[in-house]
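Visitor: I'd like a walk through this one, from overall shape down to ring pairs and charged contacts. Can you take my questions one at a time?

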Amino acid sequence: MIRKISSYIGEFKRDSIITPIFVALEAIMETIIPLLMAWIIDNGVGKGNIKYVCIVGTIMLMVSFVSLTCGALSGKYAAKASTGFARNLRRAMYYNIQNFSFSNIDKYSTAGLITRLTTDITNVQNAFQMIIRMLVRAPFMLIFAMAMSFYINAKLALVFLGAIIFLGIILYIIMTRVHPYFMEVFKKYDDLNASVQENLTAIRTVKAYVREEHEKSKFYKASETLYKYFIRAEKLIIINAPAMQFAVYTCILLLSWLGAKMIVSKSMTTGELMSLFTYTVNILMSLMIISMVFVMVIMAKSSAERIVEVLDEKSDLTDPENPICEVKDGSISFNKVGFSYNKNMDNLVLKNVNLKINSGETIGIIGGTGSGKSTLVQLIPRLYDTTCGTIEVGGVDVRKYDIETLRDEVSMVLQKNVLFSGTIKQNLRWGSKNASDEEIVAVCREAQADEFIEKFPDKYDTFIEEGGSNVSGGQKQRLCIARALLKKPKILILDDSTSAVDTKTDALIRKAFGEEIPDTTKIIIAQRISSVQDADRIIVLNDGKIDGFGTHEELLKTNEIYHEVYESQVKGDDDDNGSK
């Protein structure tokens, strides 16, 4: 894990190496100052030698200036190295997530990925900065201060050695006990972020159903659970503070008592005792810094494990060695296709699907909820791979294509229509980034979107709010269809993408498809028979199996499911017309 994480230091290795060098120089300079002070007291002030005081005092000022300069430079390079390291990590995670297949994405919650990209990265960044700066400074300070203490008085320096052993044991106990709590803490962070994200995304639904109190309760439970886990972790961590204070005061008392006896017996000078007191603070402060850094490292270790989990996640959809980079046409063939989301052959969502669709055909798909309609079409652009069997597009197995080439030729409008913050033009150019204004207007006419766009004051430069909140459901659907058409694909898939538009507009959109893109294979998933009855052929899905495949007239005669749906919808329409 450490090797994996550290590989993302990248171009900031120089800064990461320079920082400890300046930190070490700063620590060395700081440990020299108390010794110089002892000389001033014993050899200058004690003997009334003003010249000696001035000379050594000047040296002490110079040493202090060097220490200050090294400290400032170490801070600068540490900040540059840690922020650069965090940037590389965040970028690598984000890029890897972009390569995930749908099955990879299904393993993680959106909130969990956001936590890893933000909180976890920040924890690792802070820990890295502390490691290359404070975790270098503290041991250097500790070693040099101990060396100076033994140089001044070896017997008294043994007091520090005892304190180090005592604090080392306490720190080891804290580290081994607190790590599991922090692992749970970050999982609870995911739950909290999920609660916030859901609430903010669906705030209109929450208000429409007057569920504010319910959402507050969910948030309270998530934050309360997080609070409890943090409390458990902090109860262990705070043991560090009293243990540190106990060591500090014990050292001061022992030094005072033993040092006073040595001064009386002339085996030690006042200046030496004063410098030892300074080294006491240096040594114990170093130990305190080390313990603080280790606590941060414990937190960062939990975060690093979660980050590496995402970095190590490999897309289960990969390009072959010599991928095919051209799709011949829009013909589609399903050959004994079976699919399961968990790769379990005993739990197939699609079972033994066999289909032959000609290029340029319009295919309708009808079926109940959970019958596998969306799953079926998601296999065509290889958003998922089949569990068994093969799918061919343009006469070639989809697994032999370059994935980007395949998906460029298969334009898909998903059930959940998504628009991004930006103008209508910017949203539509997701379909083709170099599309001209004339091409944009043309596809909007085909999708029956120009009608409402022209009514906006800014027309095609109208700004779409986040998630398309300032347009209606039907308008959003038509914009998404226009965006898909702009790709000029060989296969166009509409996954229940006209459910929010009226039947007249739906009919106009289908008519435009027939006239404007006759060579494109069109697959239309719909709940309304009227949306697919003019299709060349219609697929009836039931429990992941093809229950019927034929024209509207054929299915009315031969397929019981299709006939029942048709009768219920026609009767419903007649009842509505009669009531009017």
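What follows is a set of questions and answers about this predicted model.

Visitor: What radius of gyration does the protein chain have, set against a compact globule of 580 residues?
Guide: Along its principal axes the C-alpha trace spans about 115 × 50 × 45 Å. A compact globule of 580 residues would come out near 25 Å. The protein chain has a radius of gyration of 35 Å.

Visitor: How many helices and strands does the chain hold?
Guide: Some background on packing comes along with that: buried residues make up 46% of the 580 residues. As for secondary structure, the count is 20 helices and twelve strands.

Visitor: How far apart are the end C-alpha atoms of residues 279-300?
Guide: UniProt, in an unreviewed entry, lists "transmembrane region" features, including 53-73 and 279-300. In the model, residues 53-73 are 100% helix, with end C-alpha atoms 30 Å apart. Residues 279-300 are also 100% helix with 0% strand, and their end C-alpha atoms lie 31 Å apart.

Visitor: Which helix gives the most to the nonpolar patch?
Guide: The patch covers about 690 Å² and is made by F150, L158, L161, I165, I169, Y172 and I173. F150 sits in helix α6 (residues 134-152). Six residues of the patch come from one helix, the top contributor: α7 (residues 154-201).

Visitor: Is F150 buried, partly exposed or exposed?
Guide: The buried class stops under 20% relative accessible area and the exposed class starts over 50%. F150 has 34% relative accessibility, so the label is partly exposed.

Visitor: What kind of pair do F339 and Y341 make, stacked or edge-to-face?
Guide: The structure holds eight aromatic pairs. For F339 and Y341 the ring centres are 4.8 Å apart and the planes stand at 85°. Planes over 60 degrees apart count as edge-to-face. So this pair is edge-to-face.

Visitor: How many residues apart in sequence are the parts that Y341 and Y384 tie together?
Guide: Their rings also make an edge-to-face pair, with centres 5.2 Å apart and planes at 85°. Y341 lies in the loop between β1 (332-339) and β2 (350-357), while Y384 is in the loop between α12 (373-378) and β4 (388-393). The pair therefore ties together parts whose separation in sequence is 43 residues.

Visitor: Which residue of the cluster formed by F339, Y341 and Y384 is partly exposed?
Guide: These residues form one aromatic cluster. F339 is buried at 1% relative accessibility, and Y384 is buried as well, at 8%. With a relative accessible area of 39%, the partly exposed residue is Y341.

Visitor: On to charges: how far apart are the closest N and O atoms of D385 and R382?
Guide: The model has 19 salt bridges, and D385 with R382 is one of them. D385 is buried at 14% relative accessible area, and R382 is buried at 4%. Their closest N and O atoms are separated by 2.8 Å.

Visitor: Which residues are linked with K425 in a network of salt bridges?
Guide: K425 bridges to D461, with the closest N and O atoms 3.9 Å apart. K425 lies in helix α14 (residues 424-428) and D461 in the loop between α16 (450-453) and β8 (463-464), so the pair ties together parts 36 residues apart in sequence. K425 is buried at 18%, whereas D461 is partly exposed at 45%. The network links K425 with R429, D437 and D461.

Conventions: Residues are numbered from 1 along each chain as its sequence is written. This is a predicted model: local features need pLDDT of at least 70, side-chain atom pairs count only at pLDDT 80 or more; totals for chains, interfaces and linings use all residues. Side-chain values use heavy atoms; hydrogens and water are left out. Patches are made of residues with over 30% relative accessible area and no salt bridge: like charges are joined within 9 Å, nonpolar side chains (Val, Leu, Ile, Met, Phe, Trp, Tyr) within 5 Å. Accessible areas come from the Shrake-Rupley method with a 1.4 Å probe; for residues, only the protein chains shown count as cover. A salt bridge is a side-chain nitrogen of Lys or Arg within 4 Å of a carboxyl oxygen of Asp or Glu. Helices (H or I, at least four residues) and strands (E, at least two) are DSSP runs, numbered from the N terminus. Buried means under 20% relative accessible area, exposed over 50%, partly exposed in between (1.4 Å probe, protein chains only). UniProt positions are given in the numbering used here, feature names are shortened, and annotations may be inferred rather than shown by experiment. Rings of Phe, Tyr and Trp (its six-membered ring) pair if their centres lie within 6.5 Å; planes under 30 degrees apart count as stacked, over 60 as edge-to-face and the rest as tilted. The radius of gyration is taken over C-alpha atoms; the globule rule is 2.2 Å times the number of residues to the power 0.38.
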